[in-house]
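Please work through the exercises below with the structure open beside you, and try each task before you read its solution.

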Amino acid sequence: MATRSASVSISRASAVASTLPDDRWKLLEIVFWLLPVLAFFVFPNYRVLGSQILITGLFAVSLDLILGYAGIVSLGHAAFFGVGAYAAGLLAVHGWHEPITGLVVAAIVAAAVGYPVSFLVVRGSDLTRLMVTLGIGLMLWEVANKAAFVTGGVDGLAGVTIDPIFGVGRFDIGGRTAYVYALAVVFIVFVVLRRIVHSPFGLSLRGIREGAKRMPAIGAPVARRLRTIFTIAAAVAGIAGALIAQTTQFVGIDTLGFPRSAELLIMLVLGGAGRLYGGLVGAALFMIAQDYLSGIDPVYWQFWIGFFLVVIVLFAHGGILGGLDTLRTRLRPRQ
Amino acid sequence: MIGNVIGVLFDGLAYGSLLFIIAVGLSVTLGLMNFVNLAHGTFAMIGGYVCVLLMTRAGVPFLATLPIAFAAAALVGLVLEVTLYRRLYKASPLDQVLFSIGIVFMSIAMATYWFGASQQPVALPSYLRGQVHLPGLDLGVYRLFLIVVVAALTLVLQYLLDRTRFGSQVRASVDNATAAAGLGIDVNRVFALTFALGSGLAGLGGALGIDVLGLDPTFPLKYIVYFLLVVSVGGSGTMKGPLIAALILGVFDVAGKYYLPQIGGFVIYALMVILLIVFPAGLYARRA
């Protein structure tokens, strides 16, 4: 039983959702997006953590685009997050303090790195993809490490100063502006991504995930579709990285590190891959648990996250949202 | 200058032999059983800690700790294979990756909890320290020892796989598990023993490698790329492929860090990406 593959459970989930793209906003989705707005007023002391959760959630959603929708396993997605963070950070350090253009530049730079990488990733088997993404991530880390005169190396890039957004929202210690800014950007990007995955293009990606050999038969250019979504995912990861750089006013070399890529995978799988919201839910749970547990002892935290990962793989396919879906379909006939 | 080149080559070979002995088990799990096991370094770490603990707390001589390190890592490998790994042989690569990352995180946390986050020192016996002086050339005794040990082990392994009953059962099981089972081979048992053997060798390599690779709780993450690289470049099914790959890798890495210290580890990652670009499907044919 435990050997059933992920693709089987994903295909079952998407069969439940719908067969045709359906772009209408459901009530549950609207409620979901009201939660961070509510959190802003209810937990004013946790706004800094809240903005980090939102940004990491967006980062996880970008991985979901290639992993959950296109079926590409990446071990180096943090590369694009880091590239975006450094792009926005360096821009601000060298005298361009406007935040929105900073985001745009970060997205373009990350996409420019992601596009050539996508050619390497699209070729080859799962294992080759794993290793290419892992290798690219490690290479970029090494570059940032050795190019300390530009990036600050292991000390990180400090002194990222950002102008008030539209001349009004000044970044403050309490994280008020950071929270509102992060929420607005994450929501806007999410709406765009939601449209993309519900489009025929998004549907063809799911087709590729389920049967890459059959898709050319109905005229879908598999390699080009995968390259496109990989580049989009890189750009979104870049935006998330830029948001981190701007809201924390600092870029650490760990933004590029392998542990970040691995944690990201964990968040996405925890929340449930292939359903956009999984990344946001997973990031929120992961980071709240991390905030709480690593406050007790960081070593415990690492042990438990490893433990849960093993448990999820062996017993709980589809993560939390997948589990809820299964529960719902099981309860429905009885009603 | 020439002596310098030979010295780097020699260090590279010693380093490569270590990588080989650690990664050879992975070449079976990854290459033949199709299991993406990122936790392979954990077994090497177990061997390393067993060696250090026996030496510092129980006063066991270094050479005597090596078989115990092998046995301990093999035992842990056997238990994990029977209880957990076996259930995931047919799972998707993503599941295998997540599962093995989980194992890595747990092992790092446990090692930090029990032994602290610092590097573990190893006091080699005096007869393994120092250098052999040849005309115009100084070779480290311990590195010479490493090369000899690995060469001997390679011959033993080759014999085990090629000439013994167990070896032919392994080859039959990985070629076609169904047919092998039909012939009365207990495939599960063969896989479990093979996994244990690979883990044991990794443990032995971890113990031998404390002096060269270091030993701290992040060991499984730090060297993951090297092990994967040995396997994917070397191919599987033979002993020769991973051996040659490991030696090349060792020489390149040592030479890169010696001659181009400003770009350091970059050489090895670049090599990896280039090899994967040139051979997009991997150097070995992955069974469907």
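**Exercise 1: A residue of helix α11(B)**

Task: Leaving aside neighbours within four places in sequence, find which residues are in contact with Ile224(B), and decide whether Ile224(B) is buried or exposed.

Solution: Once the neighbours within four places in sequence are set aside, Ile224(B) is in contact with Leu38(B) and Gly41(B). The model is a predicted one, and in it Ile224(B) belongs to helix α11 of chain B. For the second part, count the other C-beta atoms within 10 Å, remembering that a residue is buried if the count is 20 or more; Ile224(B) has 23 of them and is therefore buried. As a last step, take the C-alpha atoms of Ile224(B) and His40(B), which are 7.7 Å apart in space although 184 residues separate them in sequence.

**Exercise 2: A residue of helix α2(B)**

Task: Determine why Met45(B) is classed as buried, and find its contacts beyond four places in sequence.

Solution: Begin by locating Met45(B) in helix α2 of chain B, which covers residues 40-58. Next comes the count: Met45(B) is buried because 27 other C-beta atoms lie within 10 Å. Leaving aside its neighbours within four places in sequence, Met45(B) is in contact with Ser107(B), Ala111(B), Gly206(B), Phe219(B) and Pro220(B). Finally, look at Ala14(B), which is 31 residues from Met45(B) along the chain, with 19 Å between the two C-alpha atoms.

**Exercise 3: Where the chains touch**

Task: State how many residues each chain brings to the contact between chains A and B, and which helix of chain B gives the most.

Solution: Chain B brings 41 residues and chain A brings 37 residues. On the side of chain B that touches chain A, at least two residues come from each of α4 (93-115), α11 (224-234) and α13 (266-278). Of these, α4(B) gives the most, with 16 residues. Sorting the residues on this side of chain B by type yields 29 nonpolar, eight polar and four charged.

**Exercise 4: Two helices of chain A**

Task: Describe how helices α12(A) and α14(A) are placed relative to each other.

Solution: Two packed helices are described by the angle between their axes and the distance between the axes. The axes of α12(A) (residues 277-296) and α14(A) (residues 319-331) come within 8 Å and cross at roughly 115 degrees. The contact involves Tyr277(A), Gly278(A), Val281(A) and Gly282(A) from α12(A), together with Gly319(A), Ile320(A) and Leu321(A) from α14(A). By type, these residues are four nonpolar and three polar, with no charged residue.

Methods
Residues numbered from 1 in each chain as written. Chains lettered and ligands numbered in written order. Predicted model: local features only at pLDDT ≥ 70, side-chain atom pairs only at ≥ 80, totals over all residues. Helix = DSSP H or I, 4+ residues; strand = E, 2+ residues; numbered from the N terminus. Buried ≥ 20, exposed ≤ 12 C-beta atoms within 10 Å, placed from the backbone. Contact = placed C-beta atoms within 7 Å. Nonpolar A, V, L, I, M, F, W, Y, C, P; charged D, E, K, R; others polar. Axes fitted to C-alpha atoms, helices over the stretch in contact; angles between N-to-C directions.
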